[in-house]
Amino acid sequence: MTTLSPTHPVRRGPRRAYSAIPGETPGTPPWRALKSLILLICVVLVLLPFLAIISTSLADTAQVTKAGGYILWPDNPSFSAYSALLSGGLVSKAMLVSVGITVVGTALSLLSSISLAYGLSRPGSFGHKPILMLLLMSLLFVPGVIPSYLMVKQLGLINSYWSLILPTMINAFNVIVLRSFFMGIPKELIDSARIDGASELSILTRIVLPLSKASVAVIGLFYAVTYWNAFFNALLYINDAAKWPMQMVLRTYVVNNAALSGGQVDAAAGAPLPPAQSLQAAILVLSIVPIVIVYPFLQRHMNKGVMVGAVKG
Amino acid sequence: MTTVQRSAAPAAEEGRGADTRRPRRLRPAGRRDVALFWFAIPGLIVLLLFHYVPLLGNAIAFQDYQPYIGIMHSPWSGLDNFDVLFNGDDQFLRALVNTLQLTLIQVVFVFPAPILLALALNSLVSERIKKWVQNVLYLPHFLSWVVVVALFQQMLGNTGMLNLFLQAHDVGTWNIIGNPELFKSLLTSQVIWKDTGWGTILFLAALSRVDNDLYEAAAMDGASRLRQTWHVTLPALRGLVILLLILRLGDALSVGFEQILLQQGGVGLENSEVMDTYVYNHGLIGGDWGVSAAVGLVKGLVGVVLVLGANKVAHLFGEEGVYKS
């Protein structure tokens with residue numbers, strides 16, 4: 001010990017000095033400049049499209065015509081595209097549908113996933129092994145598109161909003177992540193609650209859930225993002241355009257470039273519609289906004305969530 | 001065992017104390033935790049209903065399925081549906097070839113991208129800049145494919161940003177979207193744009209666990225930066241890379257279903273039809289239920305066999321793989 005202690009500060013000192021982070025020694029300046037440049041380009045490539053669509057959605061007809069299409073900076077920002085889209089009509093309806101599916105779906109997913117994860121969180125409990133097996137096997141054996149479609153059809157869910165919720169309600173991966181958080185809670189805590197006569201439900205709601213708030217929040221956000229982004233289920237199961245969620249509207253009017261007619265957006269009578277580019281960009285922005293709003297909450301915890309999932313899954 | 005329980009039970013009712021704990025410990029855990037079973041039931045029902053019952057629906061792969069008669073009454077047709085596939089149906093072969101090409105392209109170009117990005121991120125000196133860059137690069141992962149495809153159209157389409165820029169500088173236009181020959185490159189760059197940042201999470205975590213002393217020792221021995229990367233960093237990532245490659249193999253026949261379906265209209269089927277879109281186009285759109293279900297079934301089975309097989313091979317080479325058996 002005495003022989004080691006003098007060497008410690010000497011060894012630690014210079015390491016901290018030239019490298020604040022664990023990892024390789026930093027390279028020579030040209031190397032570092034090159035790497036910074038590459039990372040900068042990556043960041044620009046990700047952010048540039050967002051800047052372009054936000055600007056275009058705020059541009060007025062004159063500027064869009066002058067630029068011939070998309071623009072990087074609006075001269076006279078106007079919200080006419082948004083007000084045309086959100087004052088009733090197809091897009092407002094789709095926003096409502098998407099928000100509704102996301103809220104109801106996330107709530108149901110969380111409820112059933114938490115309860116399933118908690119039910120599986122004590123190895124050796126009744127039915128633990130076969131149920132866990134069924135959960136894990138569902139990751140390996142995925143029913144194809146056709147059988148899934150037939151099932152939803154058989155249940156009479158075609159054209160029903162439930163077809164957008166029920167088939168994706170349980171995500172085995174998320175359940176496994178939740179379960180491993182629950183299993184990390186000290187056993188003594190749960191045992192002592194039980195000895196005090198607490199039922200399993202009150203153990204779950206009063207001890208386990210408060211201790212895993214962060215992970216429940218992340219899983220909830222993951223579910224929410226999935227519901228918001230779901231496109232294929234809507235394509236399969238919702239034939240009635242009046243019931244379309246945002247992603248279907250986005251596909252039809254932006255990706256497939258169908259023209260929005262006056263009847264589908266509720267522009268003031270007689271007023272000309274904002275330019276098509278602005279409308280398309282505005283639809284895009286509207287379908288990204290919810291993601292961007294929840295994003296800060298999401299990224300705060302997601303590293304941890306993803307790691308646990310990767311290790312256990 | 002049971003006698004101890006019985007005699008201890010009245011004692012438990014009498015009151016608190018050291019004695020009350022003993023019978024609880026002694027009761028078999030399985031029966032003690034029956035209540036937990038009920039917690040698992042709602043989720044289990046959803047899982048059975050939308051995951052396992054549909055698996056049975058694969059039966060129509062062996063049927064001459066008629067939608068208006070239903071699964072129960074459609075006549076069985078043995079392996080007829082599979083016959084159409086393996087005896088050189090041109091459209092099926094085309095889908096298979098495109099799928100395998102795309103898998104290969106993605107393993108070569110998409111798979112290493114997050115590793116390289118993680119290496120670059122890992123060597124950033126400022127922790128704050130690193131966090132910020134990460135948060136920006138993660139973002140596209142959370143966008144839907146519809147949004148990503150729309151963004152690419154707005155950027156690279158005929159009237160998109162890039163072509164407006166090229167026109168303004170009198171370089172002409174470059175048709176990227178809707179060009180069959182560039183379709184596979186377009187798909188690949190979309191995947192890279194969307195998920196490379198997200199993919200770095202696992203690699204960065206693995207990198208942060210590398211013992212710093214290894215780098216110091218290597219530096220002491222005169223290893224250059226490049227050699228440090230080669231001899232210390234990359235070996236540290238080996239297990240993870242193998243794990244991810246095995247998992248990727250399971251998806252060898254699934255290449256960007258939504259992504260391709262969204263853009264198929266513009267480029268024609270010749271270059272864009274893959275297994276998943278074949279199933280969709282033939283089954284749900286074309287009404288050829290039995291054949292599509294057969295393709296879907298074969299595709300799923302091949303995926304399972306590939307994952308299990310690759311895992312086995314990984315074990316043979318002394319790697320951990322997806323699970324230990």
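Modeller: Contact here means heavy atoms within 4.5 Å. This is a predicted model, where local features need pLDDT of at least 70, side-chain atom pairs count only at pLDDT 80 or more, and totals for chains, interfaces and linings use all residues. Residues are numbered from 1 along each chain as its sequence is written, chains are lettered from A and ligands numbered from 1 in the order in which they are written, and side-chain values use heavy atoms, with hydrogens and water left out.

Biologist: How many residues does each chain put into the contact?

Modeller: Chain A gives 97 residues and chain B gives 93 residues.

Biologist: And what area do chain B and chain A bury between them?

Modeller: About 8,800 Å², with 73% of it on carbon and sulfur atoms. Buried area is the accessible area (1.4 Å probe) that two parts lose on being put together, summed over both.

Biologist: Which three residues supply more than any other three on chain B?

Modeller: B:Phe39, B:Phe50 and B:Phe142 do, with 9% of the area that chain B buries against chain A.

Biologist: How many salt bridges are there across the interface?

Modeller: The rule finds 2 between chain B and chain A. A salt bridge is a side-chain nitrogen of Lys or Arg within 4 Å of a carboxyl oxygen of Asp or Glu. One salt bridge joins the side chains of B:Asp33 and A:Arg194, at 3.2 Å from N to O.

Biologist: Which helix has the largest share of the side of chain B that touches chain A?

Modeller: Helix α4 of chain B, residues 34-57, with 20 residues. Helices (H or I, at least four residues) are DSSP runs, as are strands (E, at least two), and they are numbered from the N terminus.

Biologist: New topic. Which residues of chain A does UniProt list as "transmembrane region"?

Modeller: The unreviewed entry lists residues 37-59, 95-119, 131-150, 162-182 and 279-298. Such annotations may be inferred rather than shown by experiment; positions are in the numbering used here, and feature names are shortened.

Biologist: What does the chain look like over residues 95-119 of chain A?

Modeller: Residues 95-119 are 100% helix and 0% strand, with end C-alpha atoms 35 Å apart. Residues 279-298 of chain A are also 100% helix and 0% strand, with 29 Å between the end C-alpha atoms.

Biologist: Which residue in chain B has a positive phi although it is not a glycine?

Modeller: B:Asp170, at about 55°. Most residues other than glycine have a negative phi. B:Asp170 sits in the loop between α10 (161-168) and α11 (183-208) of chain B.

Biologist: Is B:Asp170 buried or exposed?

Modeller: B:Asp170 is exposed, at 72% relative accessible area. Buried means under 20%, exposed over 50%, and partly exposed in between (1.4 Å probe, protein chains only).
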